[in-house]
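Biologist: Could we go through this model together? I would like to begin with a single contact and then widen the view.

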Amino acid sequence: MAGTTHALNAVADGLRLPLEFAQSGRSPIVALPGTGEASPEVKAVFDEIAIFCAMDRVPAVFRWMARDPIFLQGYWGAVREAFADRKLDRLTKEIPAFAASMTAKSDYGVDLHLREARRLGLTEQGLTKAVEVVQLFNTVTKIADALQLEPDFDPRSRP
Amino acid sequence: MEIVRIPEASELAPEDQPFLEATKSWFKIDFVPKMSRVLLSHPEFGRPYGRESRRAMSDGALTRAQKEMIVATVSAIYVCEY
């Protein structure tokens with residue numbers, strides 16, 4: 001989940017794709033294919049994305065990927081799997097995705113994942129707590145890296 | 001390799017010992033993590049920071065597990081091994 005979020009954000013911000021929900025003055029530096037010109041295979045993926053995200057359109061980052069339909073199909077399949085309800089529910093996954101976006105200073109990711117988290121039930125109080133944790137651990141990780149602290153735990157061990 | 005000497009828990013101020021013990025209970029471990037010792041080597045910073053961390057990470061509008069996932073994600077984005 002963290003990996004696909006970071007990768008999608010890198011593409012969306014790198015290409016200056018417009019934010020999906022908030023107002024922004026961003027203009028894409030590439031031409032985005034329209035949904036109307038999609039092949040049946042691509043349209044099927046687009047429909048699935050729109051339903052998954054409960055949107056009336058397809059996020060620009062996936063429209064960009066449709067320039068290579070095989071890549072779109074494969075990558076969307078991975079994203080869908082990463083964010084699907086499994087052992088963790090979608091909200092529990094969307095909150096760290098928002099945190100990852102905020103940490104990486106991704107305007108596109110913050111916009112997209114905050115909307116998704118809210119849609120899935122994140123309250124304003126929950127958002128406040130999530131941002132507090134992001135802030136606290138942006139501090140801790142920087143202190144740890146600056147002092148080159150070695151881990152206290154073996155990450156393979158289980159409590 | 002760490003670039004500072006990390007104090008032993010026993011070297012830290014007596015008034016911080018209850019918090020250090022509570023930290024062990026919080027993480028269910030039998031030692032005090034390095035970060036706690038580093039932060040409390042500067043108590044004017046470490047004490048309020050530690051209190052706020054404990055408060056922020058407690059179950060509430062988000063569960064502690066959800067918050068720990070946020071922490072893991074922030075660490076992953078920064079590739080912070082600690």
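**From one salt bridge to the interface**

Modeller: In this predicted model, Glu48(A) and Arg80(A) form a salt bridge whose closest N and O atoms are 2.2 Å apart.

Biologist: Which parts does the pair tie together?

Modeller: Glu48(A) belongs to helix H2 (residues 40-53) of chain A and Arg80(A) to helix H4 (residues 69-83) of chain A, so the salt bridge links parts that lie 32 residues apart in sequence.

Biologist: How many salt bridges does the structure hold over all chains?

Modeller: The total over all chains is 18 salt bridges. Across the interface of chain A and chain B there is 1 salt bridge.

Biologist: Which residues form a salt bridge there, and how far apart are the closest N and O atoms?

Modeller: Glu132(A) pairs with Arg55(B), and their closest N and O atoms are 3.8 Å apart. In addition, 8 residue pairs are in polar contact between chain A and chain B, counting pairs with both residues at pLDDT 80 or more.

Biologist: Which helices of chain A each supply at least two residues of the side that touches chain B?

Modeller: Those helices are H1 (2-14), H5 and H7 (124-146) of chain A. The largest share comes from H7(A), with 18 residues. By class, this side of chain A has 22 nonpolar, 9 polar and 7 charged residues.

Biologist: And how many residues does the contact take from each chain?

Modeller: Chain A contributes 38 residues and chain B contributes 34 residues.

Biologist: What area do the two chains bury between them?

Modeller: The size of an interface is often given as the accessible area lost when the parts come together. Chain A and chain B bury about 3,500 Å² between them, and 74% of that is on carbon and sulfur atoms. In chain A, the residues that lose the most area to chain B are Leu136(A), Leu149(A) and Asp152(A), which together make up 17% of what that side buries.

Biologist: Let us change topic to helix packing. How do H5 of chain A and H4 of chain B cross?

Modeller: Two packed helices are described by the angle between their axes and the distance between the axes. The axes of helix H5 (residues 90-103) of chain A and helix H4 (residues 64-78) of chain B come within 9 Å and cross at roughly 35°. The crossing of H5(A) and H4(B) is right-handed.

Biologist: Which residues meet in that contact?

Modeller: On H5(A), the residues are Thr92(A), Ile95(A), Pro96(A), Ala99(A), Ala100(A) and Thr103(A). They meet Gln66(B), Met69(B), Ile70(B), Thr73(B), Val74(B), Ile77(B) and Tyr78(B) on H4(B). The residues of this contact of H5(A) with H4(B) comprise 9 nonpolar, 4 polar and no charged.

Biologist: Finally, the overall build. How many helices and strands has chain A?

Modeller: Chain A has 7 helices and 0 strands, and its C-alpha trace spans about 55 × 35 × 30 Å along its principal axes.

Biologist: What about chain B: how many helices and strands are there?

Modeller: Chain B has 4 helices and 0 strands, giving the pattern α-α-α-α along the sequence. The C-alpha trace of chain B spans about 35 × 30 × 25 Å along its principal axes.

Notes:
Residues numbered from 1 in each chain as written. Chains lettered and ligands numbered in written order. Predicted model: local features only at pLDDT ≥ 70, side-chain atom pairs only at ≥ 80, totals over all residues. Heavy atoms only, no water. Axes fitted to C-alpha atoms, helices over the stretch in contact; angles between N-to-C directions. Left-handed = near helix turned anticlockwise from the far one by under 90°. Contact = heavy atoms within 4.5 Å. Nonpolar A, V, L, I, M, F, W, Y, C, P; charged D, E, K, R; others polar. Buried area = accessible area lost by both parts, 1.4 Å probe. Salt bridge = Lys/Arg side-chain N within 4 Å of Asp/Glu carboxyl O. Polar contact = N/O pair within 3.5 Å; in protein donor to acceptor, adjacent residues only side chain to side chain.
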